[in-house]
Amino acid sequence: MKTRILSEDDQLLVCFKPPGLAVQSARPGEADMVSELKNHLAASPGKAAGGMRKPPYLGVIHRLDQPVSGLLVFAKTPQAAAALSAQAAGDGMEKEYRALVWAEDAQALSRVFPQMSSSALSQPSPRHEEERELIDFLKKEPGQNLSRVVSAQTPGAKRAHLTLRCLELRETPAGRIACVSVRLHTGRHHQIRVQLSHAGLPLLGDMRYGNAQSQACSRSLGIRSLCLCACRLSFVHPAAGKKTVFQTEEFPWK
């Protein structure tokens, strides 16, 4: 199966989702994570007496968009699902992402990361900026798989909050790009892609929210998938009661 299981016990599964694989409800004939994991659970040892067993339970706690890769946790019992969902809805579950963004717009870059001077922008070197907040209001367009930034007074608008740090700034033959770390504080539709694009730092490989320059940069660098990965996931284990942390550096652009 395409899903890779990183950890499994009697309460939960922690998995790595490759880019392009849907979490749930893929188109007919296409694989998705939920189907793959249910098949995995159904094939696991532990049949009930008489060879009969109940269909496996799998609780979906959170999702990643189909083009996004990274870490996800699933529950194997309703009790674990309730505990993990409560953490996901509050502050108990922390999610960090890594992204590559088009950073040729010096004004946008210095606006989001004001400590970067104009001279520093021309020097490709590691960055360890303080976290910066982005707060917008997003609205998902009815019947369309896209969201946009709107005013707070727009009917249906939802507050979107994330923080980000610039980890590295690099000059390439196709232009300046940056590697950023993103922490989500709300879970809105296409939130990272929309907010960073609105800030003038669109993700590389984003054919939906990128601008003409970022898309041209992506093509020039041979980037064909969205440069966004859920790289760190932490939560309190529903049975052990201890904080559990999973990390990956398997970024699609590597």
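## One cavity

The count of cavities of 30 Å³ or more comes to one. This is a predicted model. The largest cavity has a volume of about 40 Å³.

Its lining is made up of His62, Leu64, Leu71, Lys95, Tyr97, Ala230, Arg232 and Leu233. By class, five of these lining residues are nonpolar, one is polar and two are charged. Strand S5 (94-102) and strand S10 (228-236) each give at least two residues to this lining. The largest share, three residues, comes from S10.

## The largest pocket

The largest pocket has a volume of about 1,100 Å³. A total of 35 residues line this pocket. Nearest its centre lie Arg63, Tyr97, Leu184, Gly187 and Arg188. Tyr97 also lines the largest cavity.

Several elements each supply at least two residues of the pocket lining: helix H2 (78-89), S5, strand S9 (175-184), helix H5 (191-198) and S10. S5 gives the most, with four residues. The lining divides by class into 13 nonpolar, eleven polar and eleven charged residues.

## The second largest pocket

The second largest pocket has a volume of about 270 Å³. Its lining has 14 residues, and Leu100, Glu168, Arg170, Cys179 and Trp253 lie nearest the centre. Two or more lining residues come from each of S5, strand S8 (158-172) and S9. Here S8 gives the most, with four residues.

By class, eight of the lining residues are nonpolar, one is polar and five are charged.

## Nonpolar cores

The largest nonpolar core has 37 residues. Phe74 and Ile192 have the most contacts inside this core. Phe74 touches many residues beyond four places away in sequence. Among them are Gln11, Leu12, Leu13 and Cys15. Val23, Met33, Val34 and Leu37 are also on the list of contacts of Phe74. So too are Leu58, Gly59, Val60 and Ile61.

A second, separate core has 17 residues, including Leu71, Ala80, Ala81 and Cys231. Leu71 also lines the largest cavity.

## Cysteines without disulfides

How many disulfides does the count give? The count comes to zero. Cys179 is in no disulfide, because a disulfide needs two cysteine sulfur atoms within 2.5 Å and the nearest cysteine sulfur, that of Cys166, is 7.9 Å away. Cys217 is in no disulfide either. Its nearest cysteine sulfur belongs to Cys227 and is 9.4 Å away.

Are these two cysteines buried or exposed? Cys179 has 15% relative accessibility, so Cys179 counts as buried. Cys217 is buried too, with a relative accessible area of 2%. The cut-off for buried is under 20%. Cys179 is also one of the residues nearest the centre of the second largest pocket.

## Lysine 242

Where is Lys242 found? Lys242 is in the loop between S10 and strand S11 (243-247). Its relative accessible area is 59%, so Lys242 is exposed. The cut-off for exposed is over 50%.

Leaving out residues up to four places away in sequence, Lys242 touches Phe235, Val236 and His237.

How values were computed:
Residues are numbered from 1 along each chain as its sequence is written. This is a predicted model: local features need pLDDT of at least 70, side-chain atom pairs count only at pLDDT 80 or more; totals for chains, interfaces and linings use all residues. Side-chain values use heavy atoms; hydrogens and water are left out. On a 1 Å grid over the protein atoms alone, a cavity is a set of points where a 1.4 Å probe fits but cannot get out, and a pocket is an open set with protein on both sides within 12 Å along at least five of seven lines; lining residues have an atom within 4 Å of a point. Grid points are joined across faces, edges and corners, and a volume is the space filled by probe spheres set on the points. Ala, Val, Leu, Ile, Met, Phe, Trp, Tyr, Cys and Pro count as nonpolar, Asp, Glu, Lys and Arg as charged, and the others, Gly among them, as polar. Buried means under 20% relative accessible area, exposed over 50%, partly exposed in between (1.4 Å probe, protein chains only). Contact means heavy atoms within 4.5 Å. A nonpolar core is a set of buried Ala, Val, Leu, Ile, Met, Phe, Trp, Tyr and Cys residues joined through side-chain atoms within 4.5 Å.
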